[in-house]
Amino acid sequence: MEIEKIKEKTEYCLNCKMKPCSQKGCPLENNIPSFIKAIKENDIKEAYNILTETTVLQPLCGRVCPHKKQCEGSCVRGIKGEAVNIGDLEAFVGDVAINENYKLFDGKIEEKKGKKIAVVGGGPAGLTCSAFLAKYGFDVTIYEKYDYLGGLLVHGIPEFRLSKDLVKNTIQKILDLGVNVKYNQELGKNLKLESLTNEYDVIFLSFGANITSKMGVEGEDLKGVFGGNELLEKKCYPDYKGKNVAIIGGGNVAMDCARTIKRLGAESVKVIYRRAEKQMPAEEKEIEEAKKENIEFLFQNNVVKILGKDKVEKIELIKTELVKKEGETREVPVNIEGSNYIIDMDYVVMALGSHAEDFVKDLGLKLNKYGGIAVDENGRTSNPKIFAGGELAGTKGTVAWAAKSGRDVAMTINKEYN
Ligand SMILES: Cc1cc2nc3c(=O)[nH]c(=O)nc-3n(C[C@H](O)[C@H](O)[C@H](O)COP(=O)(O)OP(=O)(O)OC[C@H]3O[C@@H](n4cnc5c(N)ncnc54)[C@H](O)[C@@H]3O)c2cc1C
Ligand code: SF4
């Protein structure tokens, strides 16, 4: 973005003393007014250093955070008009830091502590935890299942929303802190928790929860039904050209699957969501983009069953009405009896949420009610030597919340070993 435009955006910030954008809106509590002030004063390096006090994923969070629900949603300017465009400003600072080769934490690393930490999973939670641990002087090794780092920043959010080169360059700054990585190491397969607990002082588990949840409808196991998370992660891309595809769900995963499949040449992509448009968890911006790309939306429609002999052929839907129910914060969709109808379909993508892999049950750790790993307020599991964070430990499903959990665990470990 041109510097004049950036300057215009910074001038619009009121430098509020109470910092609601930081304190109420930003999961990471980035010091938003201060970094904006530093840009105003033409000191981008200082703006970057201010941001690195709380985050290491600036150019990525600047682009993919749901800003309207987070920092910009709490901006004072937003009460009477448009909020300050905080996301663009953070992305700008992150981009300059990459181009100018600024170092994370201004290159200041604390004295080595002689303690070894293993981090399992190199997504936003694991990467952020590793960066802060390295800053505090710990020897950190990331164990990662794939031959690349980034997690859902790479194999979830598609390239058309987030450049993989940008992800790589952002991660390189973390590796430059001296973080070691062992690739192709998969816990539950060729990596055992017990060998890590023997070798390391502390373990941080951050291997995500990217298994699509089942809906429990008839026909869900037919050929041609995919889980949205696996579809993107494993690139389950049959020849979609000329085909009809239904996406079930209304969140980020549903939008990214719909837009990816449309780009792969599908004739029609229908997003089926049982509530109303205003209740969709996906970002407004993503919904607008999807509409522009001719993705159709069937709001207040529910799936009854998926029909077909050997593979998906049709899908049966039913209309819903939204009803106020006692004890519920939002209106609940209720099927309208007799409103069923059937449409032709070639593929169905389930995007109704996700959970952790089954092998977590065998790790000997207490689980939470979602089947992930249970942690206390410091991110510690039922084994005092093991911490967990990110989606695996049930943080809200955004990059910033996952990153916060990793950073906060690093701070706890640092306190305990100081
Ligand atoms: C399609 C999609 C779009 C999204 N869009 C957005 C968005 O726009 N904005 C936003 O803020 N959030 C978005 N999210 C959510 C966000 O990506 C996640 O909340 C965040 O990535 C969670 O971070 P994490 O570190 O907990 O897990 P992950 O990102 O899943 O990282 C886990 C890491 O662990 C590795 N791993 C997995 N299993 C093992 C194992 N057994 N052993 C070793 N390593 C393992 C994985 O390869 C990965 O590197 C999206 C999610 C999806 C699926
Ligand atoms: S609330 Fe808005 S105007 Fe106030 S400091 Fe934060 S970004 Fe600036």
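## Two sheets and a domain contact

Visitor: How many bridges pair strand β1 with strand β4?
Guide: This is a predicted model, by the way. Strand β1 covers residues 116-120 and strand β4 covers residues 202-205. They pair in the parallel sense, and one of the partnerships sets I117 against V202 in β4. The number of bridges is 4.

Visitor: Which strands stand at the edges of the sheet with the order β3-β2-β1-β4-β16, and why is one side of each left without a neighbour?
Guide: That sheet is open, with 5 strands in parallel pairing. Two of its strands have a single partner strand each, so one side of each has no neighbour in the sheet. Those edge strands are β3 (180-182) and β16 (386-388).

Visitor: What angle does the direction of helix α14 make with that of β16?
Guide: From one strand to the next, the sheet's twist averages 20°. Helix α14, residues 399-416, packs on this sheet and touches β1, β4 and β16. Its direction and that of β16 make an angle of about 155°.

Visitor: On to the other sheet: which residue in β8 stands opposite N244?
Guide: Here we have an open sheet of 5 strands, ordered β6-β14-β7-β8-β9, with parallel pairing. Its edge strands are β6 (225-227) and β9 (296-299). Strands β7 (residues 244-248) and β8 (residues 268-273) run parallel and are joined by 5 bridges. Opposite N244 you'll find S268.

Visitor: Which helix packs on that sheet, touching β7, β8, β9 and β14?
Guide: The helix in question spans residues 252-263. Its direction makes about 170° with that of β8. The name to look for is α12.

Visitor: How about the domains: what area do domain 1 and domain 3 bury between them?
Guide: The domain assignment puts domain 1 at 3-102 and domain 3 at 213-352, and their centres, taken over C-alpha atoms, are 35 Å apart. The contact involves 5 residues of domain 1 and 4 residues of domain 3. Carbon and sulfur atoms account for 29% of the buried area, and the total is about 270 Å².

Visitor: Which three residues supply 81% of the area that domain 1 buries against domain 3?
Guide: No other three residues of domain 1 supply as much of that area. The trio is P66, K68 and K69.

Visitor: Which side chains meet in the salt bridge at 3.8 Å, N to O?
Guide: Across the interface of domain 1 and domain 3, there is 1 salt bridge. The cut-off for a salt bridge is 4 Å between nitrogen and carboxyl oxygen, so a 3.8 Å separation qualifies. The side chains are those of K69 and E283.

Notes
Residues are numbered from 1 along each chain as its sequence is written. Chains are lettered from A and ligands numbered from 1 in the order in which they are written. This is a predicted model: local features need pLDDT of at least 70, side-chain atom pairs count only at pLDDT 80 or more; totals for chains, interfaces and linings use all residues. Side-chain values use heavy atoms; hydrogens and water are left out. Two strands pair if DSSP finds at least two bridges between them. Contact means heavy atoms within 4.5 Å. Axes are lines fitted to C-alpha atoms, for helices over the stretch in contact, and angles run from 0 to 180 degrees between N-to-C directions. Domain bounds come from an automatic or database domain assignment. Buried area is the accessible area (1.4 Å probe) that two parts lose on being put together, summed over both.
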